[in-house]
Structures are given as structure tokens and as C-alpha cells.
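Reader: I'm new to this one and would like to go through it slowly. Could you show it to me first?

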Amino acid sequence: MFDQVKIPFLATVILMLLFIAQGFWTIKLNIKSEQNKDIAMLAKKSAILSKNLSNLDNQNSLIYEFALYDSNENIITSKLSKNPPNLNFQVLVQNGFIYYKTAILQDQKTYFLVVAKQQNWYKIGLISTLIFIGTIILVFISIYFIYQSTLKIHQRQKKMMNSFFNDAMHELKTPLGVATLNLDMLEIRNKNTHRIKSALKQMKMTYEDVEFFIKHSYENFPKKPINFSYFLEQRVRFLTTIANSKDIKIISKIEPNLEIFMSEIELTRLSDNNISNAIKYSKSGNDIEIYLTKEDGFVVFSVKDYGKGIKDTKAIWQRYAREDLSAGGFGLGLNIVANICNKYNIIYNVSSVLGKGSTFTYKIPAFKEKLIDKLNTQSNLA
């Protein structure tokens, strides 16, 4: 993606640098121009004052300040608010003042007349402010331009990716359904057909994870009251085939008639990902324990395995995160689960000990029928 935005990015940066350089150059030229104007005015004022040195004490000005020095640079009279450090200059810019020195010969004596004027920073400040504002505007326009360029590329790539996944899902769905249907129609029941059925179910769950991942951002999955107890029993029955293929026993302790309010599709993803992960990361011959209880207004769903355990219990919820690459998968399952939990305010937690196993726990708000729930249910049925 960076290669595609590199040219507009570099062009924008170069334009910004040129604009800033031009701004500094303009400020510098304006400062020099104002100083030249001030020097010319000081020279003119110095010429006027030089004609009447004896009456300098009675001269007053709101704009100019001046001082008269003898040949030894001793002050004869001064109306300077800030005296220059010495007279070794023709023009001196210091402490916000411009000083102009003139040597005057009178009565065979040399005098030095210094006329000063405070620099006028108003115009320079105004120009600097305008350049600064212009630079800020240019920076924001540049950032917006780069953002729009990047966003369009990202949206185009996302659209292409979604289109690819949709096409891939469509191509996989038909043969997967045909294989499952024909396997069910076969009267042969042996170890081999059992393994094929288990593999097809694993493929189906992976397919459903990817399909959900693609559609969840724009598709609304209708919510309804669900008897989680009955629902979980059905999911355990469905996944038992996969567990049996690894000689793993599922032990379930499910309290009856526990209801929650959520989408059946999202609940399927939550339950299936946890149970299938427990099967995937457990050793052959181990047990998996599934619990469903009620506790303080929550339906608590937990899955416990005695597998290899988890090193980083925080990283596993991130998208594409996989601790064991040899186990396969896309790293989407638990990220999907975490997003569902955040959507429904489900409290989720995992505790794990390396070499001993892990326990995933989900506290789902228990269903309490309210008017809004009735309306949602009726609208879904309609």
C-alpha cells in the first residue's frame, strides 16, 4: 500500500517544505525591507538634528530617540532609552532598536550623533502570522489528501478481498453441502466415514467463521430469546463427532431452561469456537468439561480442557493470533468471540496453566423479558 501512496506523499511533503521555505524567505525579506526604510528615515532625521546640535536638549520626538557624544565617546546629551554598548558601528540593530551614527565636525571638534528608532514588528508579525496560518492550512490539506489517497486504496483492497472471500465461500459451500449430504445418505458406518464426517464438520465451522467475519460489519443478525441449555446440548451433540475422532470425551453439566437474549448465529460462533478449540488443543484421550449454570443474573458458560495451556492469554483475542501454527486455522475464532462479547456486554475470562490446560468462562446476562424484547421478538417473527 505504501508504494501506491509514496508519490502523492512525497509530492505533498516537498510542497509543504517549499511553502515553509518560501514563508521564511518572505519574512526575512520583509524584515530587511523594514530595516532599510527605518535606516533611511534615521539618516534623514540625523541630518535635521545635525543642523541644530546646540539645541538638542529641547528637541523631542515620539518616534525617534537620539544622543550626542564627544570624540571620546562620552555622552554630552542623551534621550536614548537604551544606549548602544559602543560607537563602533554605522548602523546597529540591537535590543529591538535600530541605531544610526553620524560623525559631525563643528568648531574643529568631532561629535557623534546617534539617532535610534524602535523597530516596528506589527507588519512583520502580521505577515508571519498569515504565513503560519497558511502553513497550518496546507499541512491539514496535505494530511487530508494523503488520508483520502490511503483510504481509497484501503477501501479498494478491502472490496477486492471481500469479493474474493465471497466468491471463495460460494465455491466451497456447494461441494461441502454435497459431500455432507451424500455422506449422510450412505449406509456405511465405520471408522473412515466417521473421520470424513468429522473433517466435514470442521470445514463447515471454518467456513461459518470466515463467512461471519465478512458479513458481521454490515449484516444485522436478529436477536431473540434463546433457551441456551437446549441450544448448548445440540451444539455439544454436533461437535461430539469431532471429539470422538480424537478419542476425546465431552463431559457436559448443563442446568436446564437457562435463557439469554441474543442472535442465534452469534451464539453459535461463541459456543462452537470455544468447544472446537478445546478439542483442537487437547491431546487424544483427554476429557473436555462444559458447564452451564446461573449466577447473580448471569448465565455462566465455561469450557475446560486439559491440553497444553496458553502462554499469552491476552494475545489470543487478537485477530489472526495463533499460538500453535501447526494446529491450523486462520486465527479468527477468538477474535470473533471477543467482538461478540463486547457487543452483548458479556464478561469473558480465561485462566490457563502451561501443560495442564485452560478454562474459558463467559458470563452472559440472563434473559429478562421486557417490553422492548417483546417488540424485538414480534418484529423478527414478522
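Author: What follows is a conversation about strands, cores, salt bridges and a few single residues.

Author: This is a predicted model, in which local features need pLDDT of at least 70, side-chain atom pairs count only at pLDDT 80 or more, and totals for chains, interfaces and linings use all residues. Residues are numbered from 1 along each chain as its sequence is written, and side-chain values use heavy atoms, with hydrogens and water left out.

Reader: OK, let's start with β10: why is it described as largely enclosed?

Author: Strand β10 covers residues 298-305, and 6 of its 8 residues are buried, so the rest of the structure largely encloses it. Buried here means under 20% relative accessible area, while exposed means over 50% and partly exposed lies in between, with a 1.4 Å probe and protein chains only. Strands are DSSP runs of E with at least two residues, helices are runs of H or I with at least four, and both are numbered from the N terminus.

Reader: And which way does β9 run against β10, parallel or antiparallel?

Author: They run antiparallel, with 8 bridges joining β9, residues 287-295, to β10; two strands count as paired if DSSP finds at least two bridges between them. One of the matched positions is Tyr-291, whose bridge partner in β10 is Ser-302.

Reader: What sits between those two strands?

Author: The two strands form a hairpin with 2 residues between them, and Asp-296 in that turn has a positive phi of about 50°, although Asp-296 is not a glycine. With a relative accessible area of 71%, Asp-296 is exposed.

Reader: Where else is there a positive phi in a residue other than glycine?

Author: Asp-107 has a phi near 55°, and that residue is found in the loop between β4 (97-106) and β5. Asp-107 counts as exposed, at 65% relative accessibility.

Reader: Back to β10 for a second, how does it pair with β12?

Author: β10 and β12, the latter being residues 357-365, pair in the antiparallel sense over 8 bridges. Within that pairing, Asp-305 stands opposite Ser-358 in β12.

Reader: Changing topic: which residues touch the most other members of the largest nonpolar core?

Author: Those are Phe-228 and Tyr-362, in a core of 49 residues. Helix α4, residues 228-245, gives the most to this core, with 8 residues. A nonpolar core is a set of buried Ala, Val, Leu, Ile, Met, Phe, Trp, Tyr and Cys residues joined through side-chain atoms within 4.5 Å.

Reader: What does Phe-228 touch, then?

Author: Leaving aside residues up to four places away in sequence, Phe-228 touches Leu-258, Glu-259, Ile-260, Leu-267, Leu-292, Val-299, Phe-301 and Ile-364, where contact means heavy atoms within 4.5 Å. There is also a second, separate core of 13 residues, which includes Leu-42, Leu-53, Tyr-64 and Ile-98.

Reader: How many salt bridges turn up in the whole structure?

Author: The search finds 6, each being a side-chain nitrogen of Lys or Arg within 4 Å of a carboxyl oxygen of Asp or Glu. In one of them, the side chains of Asp-38 and Lys-117 meet at 3.2 Å, N to O. That pair links distant parts of the chain, since Asp-38 is in helix α1 (residues 2-50) and Lys-117 in strand β5 (residues 109-118), 79 residues apart.

Reader: Is that pair buried or exposed?

Author: Asp-38 counts as buried at 7% relative accessibility, and Lys-117 is buried with a relative accessible area of 11%.

Reader: And what does Glu-266 pair with?

Author: Its side chain meets that of Lys-343 in a salt bridge, at 2.9 Å from N to O. Glu-266 belongs to helix α5 and Lys-343 to helix α6 (residues 333-343), 77 residues apart. Glu-266 counts as buried at 3% relative accessibility, whereas Lys-343 counts as partly exposed at 44%.

Reader: Last thing, which residues form the nonpolar patch on the surface?

Author: Phe-132, Ile-133, Ile-136, Ile-137, Phe-140 and Ile-141 form it, with about 610 Å² of accessible area together. Such areas come from the Shrake-Rupley method with a 1.4 Å probe, and for residues only the protein chains shown count as cover. Patches are made of residues with over 30% relative accessible area and no salt bridge, like charges being joined within 9 Å and nonpolar side chains (Val, Leu, Ile, Met, Phe, Trp, Tyr) within 5 Å. Ile-136 has its place in helix α2, residues 122-185, and counts as partly exposed at 34% relative accessibility.
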